[in-house]
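Trainee: I'm new to this one and would like a close look at a single part of it. Could you take me through one loop residue with an odd backbone angle, and then show me how the rest fits around that?

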Amino acid sequence: IIPDGQGGWYIGGDFTSVGKFTRNRVAHINALGEVSDWDPNIDNPVFCLALEGNTLYIGGNFTKVGALLRNNLAEINIVDGLATTFNPNVSAPVNAITVYGNHLYIGGGFSAVGSQLRSRIAAIDRDTGTPTAFNLSANSTVNAIAIDGNTLYLGGFFTTFGGNSRNRV
């Protein structure tokens, strides 16, 4: 669940309805507490959300947004609810997302983003949808990401990160 910046909320999960409305795994609740008409229609669970301007990033264990193929990570226009051309093609579920400048940091259980190897953590250029040069690895799943200044914080099941012993944080 994340705020929409206008008194409402975007929600994600493994649901197929909100109240009496069919909403597959992501929905918008407006400031009046009503389900909006916005309906991207995701085929499998959404685990994380990040909002930047008119763009909602969703991560999870899905393969489609509407009729478009999107493996585990997608960018949705909040005005029309449609997936954009952004398509990093992540190899396994994305559990965490955060936006930092022109980069999208993701964590999960994946081993590749597109054709580039990335072990459970990646930075993706928001304009191109391709991984940046950032290439540190975790030896197990990353479930949480936060950035404070120039410091990236991770949480998950890993015991090593970037070749250093780091027990879960």
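Mentor: Let's start with Asn72, which sits in the loop between β9 (68–69) and β10 (73–77). Keep in mind as we go that this is a predicted model. The phi angle of Asn72 is near 70°, a positive value in a residue that isn't glycine. That's worth a pause, because most residues other than glycine have a negative phi. Is Asn72 buried or exposed? With a relative accessibility of 6%, Asn72 counts as buried, because the cut-off for that is under 20%.

Now follow the chain past β10. In the loop between β10 and β11 (94–100) you'll come to Asn89, and here too phi is positive in a residue other than glycine, near 60°. Asn89 has a relative accessible area of 36%, so it's classed as partly exposed.

β10 also takes us to another spot. Thr55 belongs to strand β7, which covers residues 55–60. Leaving out residues up to four places away in sequence, Thr55 touches Ala50, Glu75, Ile76 and Ile78. Thr55 is buried as well, at 17% relative accessible area.

Let's go back towards the start of the chain, where the loops have some charged pairs to show. Side chains of opposite charge can pair when their charged atoms come close. How many salt bridges does a search of the whole structure find? It finds two.

Take Asp14 and Arg25: their side chains meet in a salt bridge, at 3.4 Å from N to O. This pair links distant parts of the chain, eleven residues apart, with Asp14 in the loop between β2 (9–12) and β3 (17–18) and Arg25 in the loop between β4 (21–22) and β5 (26–29). Look at the surroundings of each partner: Asp14 is exposed at 54% relative accessibility, while Arg25 is buried at 13%.

Then there's Asp39 with Arg23, whose side chains form a salt bridge at 3.9 Å, N to O. Asp39 is in the loop between β5 and β6 (46–52) and Arg23 is in the loop between β4 and β5, so this pair ties together parts 16 residues apart in sequence. Arg23 is buried, with 8% relative accessible area, and Asp39 counts as partly exposed at 34%.

One more loop is worth a look while you're here. Gln6 lies in the loop between β1 (2–3) and β2 and is exposed, at 66% relative accessibility. Although Gln6 and Asn30 are 24 residues apart along the chain, their C-alpha atoms are separated by 7.9 Å.

Finally, zoom out. The chain has zero helices and 19 strands. Its radius of gyration is 16 Å, close to the 15 Å that the globule rule gives for 169 residues, so the chain is as compact as a globular protein of that length. Along its principal axes, the C-alpha trace spans about 50 × 30 × 25 Å. Buried residues make up 46% of the 169. About 8,300 Å² of the chain is exposed, with carbon and sulfur atoms supplying 49% of that. As for charge, you'll find 10 positive and 12 negative side chains, and the centres of the two sets lie 11 Å apart.

Note on methods: Residues are numbered from 1 along each chain as its sequence is written. This is a predicted model: local features need pLDDT of at least 70, side-chain atom pairs count only at pLDDT 80 or more; totals for chains, interfaces and linings use all residues. Side-chain values use heavy atoms; hydrogens and water are left out. Helices (H or I, at least four residues) and strands (E, at least two) are DSSP runs, numbered from the N terminus. Buried means under 20% relative accessible area, exposed over 50%, partly exposed in between (1.4 Å probe, protein chains only). Contact means heavy atoms within 4.5 Å. The radius of gyration is taken over C-alpha atoms; the globule rule is 2.2 Å times the number of residues to the power 0.38. Accessible areas come from the Shrake-Rupley method with a 1.4 Å probe; for residues, only the protein chains shown count as cover. Lys and Arg count as positive and Asp and Glu as negative; His and the chain ends are not counted. The place of a charge is taken as NZ of Lys, CZ of Arg, CG of Asp or CD of Glu. A salt bridge is a side-chain nitrogen of Lys or Arg within 4 Å of a carboxyl oxygen of Asp or Glu.
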